[in-house]
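The following exercises concern a single protein model. Each task is followed by a solution worked in steps.

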Amino acid sequence: MISRVNMVIVGAHAVMANGGVIVPVGLNMVALAAQKHAVPFVVLAGSHKLCPLYPHNPEVLLNELRSPSELLDFGEFSDCLDFGSGTGSPLLHVVNPAFDYVPPKLVSLFITDTGGHNPSYMYRLIADYYSADDLVVRRRVALGN
């Protein structure tokens with residue numbers, strides 16, 4: 001289906017300092033398909049979505065997990081429990097992430113409230129909105145200092 005479209009346009013949950021994007025789950029596969037078929041993958045994000053952190057930073061929680069019941073109804077899920085052992089421990093562990101990370105190499109263009117930008121320019125745009133002092137204060141708050 002992706003080969004029939006002219007362009008993929010998505011919204012972002014956050015735009016990271018390296019030009020990568022946090023998007024709703026499933027859009028990383030769409031971005032990969034778009035790249036394979038040479039379809040531009042365009043991200044729309046307001047300046048309030050810019051994040052000065054890098055995705056490889058261990059202090060950054062890139063995802064939140066949703067309930068497995070969104071994927072499996074209780075009847076299906078109860079069949080995956082081991083009631084024979086008496087512990088009721090699950091035989092199947094279901095992970096339901098809320099977001100995907102799309103690396104900057106899959107993004108063709110960012111459109112923000114300041115205009116269109118290449119992924120390689122996002123670090124500069126973010127530097128206009130954040131200073132190094134902002135990151136120091138944020139880390140101290142996160143560490144409880």
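Contact here means heavy atoms within 4.5 Å. The model is a predicted one.

**Exercise 1.** Determine which residues S47 touches beyond four places in sequence, and what joins its side chain to that of D113.

*Solution.* Step 1: locate the residue; S47 lies in the loop between β4 and α2 (74–78). Step 2: leave out residues up to four places away in sequence; S47 then touches D113 and Y129. Step 3: examine the side chains; those of S47 and D113 are joined by a polar contact of 3.1 Å.

**Exercise 2.** Describe the largest nonpolar core and the surroundings of F41.

*Solution.* Step 1: the core has 23 residues, and V21, F41, V43 and V102 touch the most other members. Step 2: assign the core to elements; β1 (8–11), β3 (21–24), α1 (27–36), β4 (41–44) and α3 (122–129) each give two or more residues to it. Step 3: list the contacts of F41 outside four places in sequence; they include V8, V10, L27, V30 and V102. Step 4: search for a further core; a second, separate one has 7 residues, among them I22, C51, A98 and F99.

**Exercise 3.** Establish the strand order of the open sheet, and explain why one side of β2 and of β5 has no neighbour in the sheet.

*Solution.* Step 1: the 3 strands follow the order β2-β3-β5, with antiparallel pairing. Step 2: β2 (14–15) and β5 (99–102) each have a single partner strand and stand at the edges, so one side of each is left without a neighbour in the sheet. Step 3: inspect one pair; β3 and β5 are joined by 4 bridges, and I22 is opposite Y101 in β5. Step 4: add the helix; α1 packs on the sheet by touching β3 and β5, and its direction makes about 30° with that of β5.

**Exercise 4.** Identify the partner relation of β1 and β4, and the covered and uncovered faces of β1.

*Solution.* Step 1: β1 and β4 run parallel and are joined by 4 bridges. Step 2: within this pair, V10 stands opposite V43. Step 3: V8 and V10 form the covered face of β1, whereas I9 and G11 form the uncovered one.

**Exercise 5.** Characterise the phi angle of A38 and state whether this residue is buried or exposed.

*Solution.* Step 1: recall that most residues other than glycine have a negative phi. Step 2: A38, although not a glycine, has a positive phi of about 55°. Step 3: A38 is situated in the loop between α1 and β4. Step 4: the relative accessible area of A38 is 68%; exposed means over 50%, so A38 is exposed.

Technical notes: Residues numbered from 1 in each chain as written. Predicted model: local features only at pLDDT ≥ 70, side-chain atom pairs only at ≥ 80, totals over all residues. Heavy atoms only, no water. Core = buried A, V, L, I, M, F, W, Y, C linked by side-chain atoms within 4.5 Å. Buried < 20%, exposed > 50% of the residue type's maximum accessible area, 1.4 Å probe, protein only. Pairing = 2+ DSSP bridges. Axes fitted to C-alpha atoms, helices over the stretch in contact; angles between N-to-C directions. Polar contact = N/O pair within 3.5 Å; in protein donor to acceptor, adjacent residues only side chain to side chain.
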